[in-house]
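Morning, everyone. I have one structure to take you through today. Please bring it up on your screens.

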Amino acid sequence: MKALFPKNLISCWNQAITQSAAIVLATHVNPDGDAMGALTGLGAFLRQQGYRVTCVCPSPYPDFLGFLDPGKDILVYTCHKEKVLKAVDKADIVVAVDVSGLSRMEELGSALSESRAFKVLMDHHTDPVTEDFDLVFSTTRVSSSCELIFRLLHAWKPKAVFSKEQATAFLTGIITDTNQFANSVYPETFHAASIMHLWGADSETIFSQVYQNFTLNRMHLMGYALQNIRILPQFGAAYIVLTRDVLEAFDYQNGDTESFVNFPLAIKGINVSAFFLQRKDHIKVSLRSKGAIAVNGIARQFFNGGGHYNASAGKMEDAPEKIEGLLKEALGTVIA
Ligand code: 5GP
Ligand code: MN
């Protein structure tokens with residue numbers, strides 16, 4: 001596989017980790033398949049090398065990703081604060097995965113930033129917050145953090161052996177972050193996925209756990225979302241709003257609306273999609289686009305967020321009634 005990073009960065013990593021024993025791996029709030037794959041794949045690999053590894057999520061992960069954590073080893077900060085803080089205190093190295101800076105880890109991020117540990121970033125988002133870290137492995141020229149980390153591990157230990165579980169974890173991140181090999185796919189992505197298969201990665205398990213593991217309520221919620229797509233023809237855009245009363249009616253569980261934002265893009269002539277999910281104290285906003293329409297600028301400017309060119313997110317504090325007006329204003333800045 002092609003090297004992603006110069007040799008001096010790998011040497012720097014090697015030097016830091018050679019002097020270390022305890023490692024904390026952490027990722028973003030509401031972890032997705034890439035975050036969980038990176039955390040568990042890298043965690044298992046480093047344990048195999050003899051390190052003491054603690055994997056931490058700032059908030060719980062959705063049930064359908066539980067197959068990546070069969071031993072329930074991941075510590076969720078909101079449930080096990082004391083344990084997490086103890087591990088952070090003892091850590092020689094902290095590695096943040098699938099997140100561009102410590103602020104997307106909320107309270108856990110503040111604890112990490114105060115830690116004396118050597119801090120490393122392994123991520124594929126734009127605009128890494130380099131000042132948060134001592135060593136940064138970041139590029140957007142990959143499908144996912146899982147691809148980046150898998151290739152980084154190859155460069156670090158060319159003769160390394162990967163277990164079936166590790167390969168499956170890394171492949172989960174590629175499959176979910178690319179929307180099943182549809183977006184952000186590079187030749188090296190297929191190459192990495194192929195090598196993961198050679199190590200025994202089980203794509204059937206990934207597909208059945210991630211895409212065939214829904215409750216009937218979730219399917220009905222999906223039906224409601226599809227029935228309630230609103231079109232903004234002047235922008236070639238469409239959006240979906242799910243308010244709390246609707247979510248409650250369908251017994252919403254964390255992760256149930258994963259990938260709903262992609263539905264409107266299946267409509268002919270729709271090039272931008274927005275998805276609004278009302279949470280307790282804010283509305284989570286997800287944006288997706290096709291081709292040359294950038295959504296990360298509007299995520300930053302209008303929704304206090306950011307992300308990739310064609311896939312971004314943020315939040316809004318206003319009431320749901322304000323959604324359409326704000327969305328139109330935002331779209332007006334990128335679509336004539
Ligand atoms: P999603 O819609 O899947 O939650 O997020 C899409 C992408 O937007 C993520 O991969 C991430 O790059 C970015 N993103 C999500 N939430 C935030 C946020 O709060 N701030 C920033 N800067 N980016 C975000
Ligand atoms: Mn990712």
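Let me start with a question: in which loop does asparagine 30 lie? Asparagine 30 sits in the loop between β1 (22-26) and α2 (33-48). Before I go on, a reminder that this is a predicted model.

Why pick that residue? Look at the backbone. The phi of asparagine 30 is near 45 degrees, a positive value in a residue other than glycine. Most residues other than glycine have a negative phi. Asparagine 30 is partly exposed, because its relative accessible area is 35%, and partly exposed covers the range between 20% and 50%.

Now a second asparagine. Asparagine 304 is not a glycine either, and has a positive phi of about 50 degrees. You will find asparagine 304 in the loop between α11 (296-303) and β11. Is asparagine 304 buried or exposed? Exposed, because its relative accessibility is 63% and the cut-off for exposed is over 50%.

On to the ligand. Which residues surround ligand 1? The shell includes Arg104, His125, Lys284, Ser286 and Arg288. It also includes Gly305, Gly306, Gly307 and His308, along with Ala311, Ser312 and Ala313. By class, that shell has 2 nonpolar, 7 polar and 3 charged residues.

Now the polar pairs. Lysine 284 places a side-chain N or O atom 2.6 Å from an oxygen atom of ligand 1. For arginine 288, a side-chain N or O atom is 2.9 Å from an oxygen atom of the ligand. For histidine 125, a polar side-chain atom also lies 2.9 Å from a ligand oxygen. Taken alone, ligand 1 exposes 500 Å², and the protein buries 74% of that. Three elements give two or more residues to the shell: β10 (283-289), β11 (306-307) and β12 (311-316).

Next, the sheets. What is the order of the strands in the open sheet of 6? It runs β3-β2-β1-β4-β5-β6, with parallel pairing. β3 (75-76) and β6 (135-138) stand at the edges. Each has a single partner strand, so one side of each is left without a neighbour in the sheet. At the β3 end, 2 bridges join β3 to β2, residues 52-57, and the two run parallel. Valine 56 has leucine 75 in β3 as its bridge partner.

Now find β8, residues 237-242. How many of its 6 residues are buried? The count is 6 of 6. In a regular strand the side chains alternate between the two faces of the sheet. Here both faces are covered. Ala237, Tyr239 and Val241 are buried on one side, and Ala238, Ile240 and Leu242 on the other.

β8 has partners too. With β7, residues 230-232, it pairs in the antiparallel sense over 3 bridges. Arginine 230 is bridged to tyrosine 239 in β8. The hairpin of β7 and β8 has 4 residues between the strands, and there glycine 236 takes a positive phi near 60 degrees. With β9, β8 runs parallel, joined by 6 bridges. Tyrosine 239 has alanine 274 of β9 as its bridge partner.

One last residue: threonine 257. It is in the loop between α10 (244-249) and β9 (272-278). Threonine 257 counts as buried because its relative accessibility is 9%, and the cut-off is under 20%. What is threonine 257 in contact with, leaving aside neighbours within four places in sequence? Leu221, Leu242, Tyr252, Phe275 and Leu277. Leu242 we have already met, in β8.

That's my tour. Over to you.

Conventions
Residues are numbered from 1 along each chain as its sequence is written. Chains are lettered from A and ligands numbered from 1 in the order in which they are written. This is a predicted model: local features need pLDDT of at least 70, side-chain atom pairs count only at pLDDT 80 or more; totals for chains, interfaces and linings use all residues. Side-chain values use heavy atoms; hydrogens and water are left out. A residue is near a molecule or strand if one of its heavy atoms lies within 4 Å of it. A polar contact is a pair of N or O atoms within 3.5 Å; within protein, one must be able to donate a hydrogen and the other to accept it, and residues adjacent in sequence count only if both atoms are side-chain atoms. Accessible areas come from the Shrake-Rupley method with a 1.4 Å probe; for residues, only the protein chains shown count as cover. Ala, Val, Leu, Ile, Met, Phe, Trp, Tyr, Cys and Pro count as nonpolar, Asp, Glu, Lys and Arg as charged, and the others, Gly among them, as polar. Buried means under 20% relative accessible area, exposed over 50%, partly exposed in between (1.4 Å probe, protein chains only). Contact means heavy atoms within 4.5 Å. Two strands pair if DSSP finds at least two bridges between them.
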